[in-house]
Amino acid sequence: MCAFDILVHLYKFKLMMQKITTRLCVFISLLTSFAVGQNIDSLRNCIASQKGDAKAMSFLNLADAYYYSRDAISAYDVAAKVLDYTNDSLLLGKAYYRMGVSNFQENQTFLQIKNLNIASKYLIGLNDSLAANAMYFAHRGYQKNGMYPEALAKGLEELEFRKNRLKDDLFVTRVIQEIGYTYDRMNDYRKAIEWHKKSIISAKNMNDELSIGRGYGLIGIAYDELNVFDSALYYNKMAVEYFKKNKEYGYLSTWYSNIGNTYTKLNDLNNAEKYT
């Protein structure tokens, strides 16, 4: 068999495997949808005969089932019913959390902030991991509404909580980068650079190469805003090397564009064309 025939057979085999994979994914999706539907029906049947905390817990499980079936509106409505059936702080905290992240899915940011702040107060000391997640999504809500001083305060609260209460080094880098991003949005680029440098140190300690690349890239953006173009190019090109190494093509495309924009500001149109 010649080399060309081998290539033809390999190509046909690849097409066959792609068809099998596609059919398998469709089957798994249908199976998952069926399982979620069955779970929702089962929970509805149980709730009718329950009282008190047991009823609240079933409502909470039903809200989770709706949420994970991508029905955030039903998830919110069902989670809100938990409040009528229990005084248990953990159940109330989980209910407000589910309501808040459902608001997040529906872009209802003021409700998102309100419910997640209530959730974190209930959950601290009872489910610290969920409390920290509530702080994170509240932080995101403040950012989205342009409430940057509040976002900064919430981010610092979450960072302190994750470092000292949870000892959660894995997520700390992400929180530090969000704080840096908040300073970016406040146009305090020097402070943003300071926090992005902290994120790189944290990411290196965890061997998190994507976050290292993001950190360098965010510093590059801040320097570009400060019109310090040599530093902007240096850090953005450092980011590109990490994105190349880890095959992060989405980030790579964005940062090529960022480099091209900086060269355009320098009126270096030859290099600008290479990157944009």
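Q: What makes the residue that follows helix 10 worth a look, going by its phi?
A: The sign. Helix 10 is followed by Asn227, and the phi of Asn227 is positive, near 65 degrees. Keep in mind that this is a predicted model. Helix 7 ends in a similar vein: Lys167 comes after it with a positive phi, near 55 degrees.

Q: How do you know whether the length of helix 10 fits its 17 residues?
A: Count 1.5 Å for each residue after the first one. That gives an expected span of 24 Å for helix 10, and its end C-alpha atoms sit 25 Å apart, so the two agree.

Q: And what does that check say for helix 7?
A: Helix 7 covers residues 148-166, which is 19 residues, so it should span 27 Å. Its end C-alpha atoms are 25 Å apart, and that agrees too.

Q: Why is helix 10 called largely enclosed?
A: A residue is buried when its relative accessible area is under 20%. In helix 10, 12 of the 17 residues are buried, so the rest of the structure largely encloses it. Among them are Ile212, Tyr216, Leu218, Ile219 and Tyr223, along with Gly213, Gly215, Gly217 and Gly220. Helix 8, helix 9, helix 11 (229-245) and helix 12 are what these buried residues pack against.

Q: Which residues of helix 7 are buried, and what covers them?
A: The buried ones are Tyr148, Ala151, Leu152, Lys154, Gly155, Glu158, Leu159, Phe161 and Arg162. Their cover includes helix 5, helix 6, helix 8 (169-185) and helix 9 (189-205).

Q: Why does Asp128 count as buried or exposed?
A: Its relative accessibility is 18%, so Asp128 counts as buried, the cut-off being under 20%. Asp128 belongs to helix 6. Skipping neighbours within four places in sequence, Asp128 contacts Leu123, Phe161, Arg165 and Leu166.

Q: What makes up the largest nonpolar core?
A: It's a set of 32 residues, and Tyr97 and Leu116 have the most contacts inside it. Helix 1 (3-47), helix 2 (52-68), helix 3 (72-82), helix 4 (89-105), helix 5 (109-123) and helix 6 (128-144) each put in at least two residues. A second core, separate from that one, has 21 residues, including Ala203, Tyr216, Tyr223 and Tyr263. Grouping of this sort fits a broader tendency: nonpolar side chains in soluble globular proteins tend to be buried together.

Q: What does Tyr97 touch, not counting residues up to four places away in sequence?
A: Tyr97 touches Leu116, Ala119, Leu123, Leu130, Asn133, Ala134 and Phe137.

Q: What lines the largest pocket?
A: The lining has 20 residues, and those closest to the centre are Tyr181, Asp184, Arg185, Leu218 and Ile221. Helix 6, helix 8, helix 10 (209-225) and helix 12 (249-265) give two or more residues each. By class, the lining splits into 5 nonpolar, 7 polar and 8 charged residues. As for volume, the pocket comes to about 450 Å³.

Q: How many helices and strands does the chain have?
A: The count is 13 helices and 0 strands. Of its 276 residues, 41% are buried. Among contacts between residues at least 6 apart in sequence, 51% join residues at least 24 apart.

Methods: Residues are numbered from 1 along each chain as its sequence is written. This is a predicted model: local features need pLDDT of at least 70, side-chain atom pairs count only at pLDDT 80 or more; totals for chains, interfaces and linings use all residues. Side-chain values use heavy atoms; hydrogens and water are left out. A nonpolar core is a set of buried Ala, Val, Leu, Ile, Met, Phe, Trp, Tyr and Cys residues joined through side-chain atoms within 4.5 Å. Buried means under 20% relative accessible area, exposed over 50%, partly exposed in between (1.4 Å probe, protein chains only). Helices (H or I, at least four residues) and strands (E, at least two) are DSSP runs, numbered from the N terminus. Contact means heavy atoms within 4.5 Å. On a 1 Å grid over the protein atoms alone, a cavity is a set of points where a 1.4 Å probe fits but cannot get out, and a pocket is an open set with protein on both sides within 12 Å along at least five of seven lines; lining residues have an atom within 4 Å of a point. Grid points are joined across faces, edges and corners, and a volume is the space filled by probe spheres set on the points. Ala, Val, Leu, Ile, Met, Phe, Trp, Tyr, Cys and Pro count as nonpolar, Asp, Glu, Lys and Arg as charged, and the others, Gly among them, as polar.
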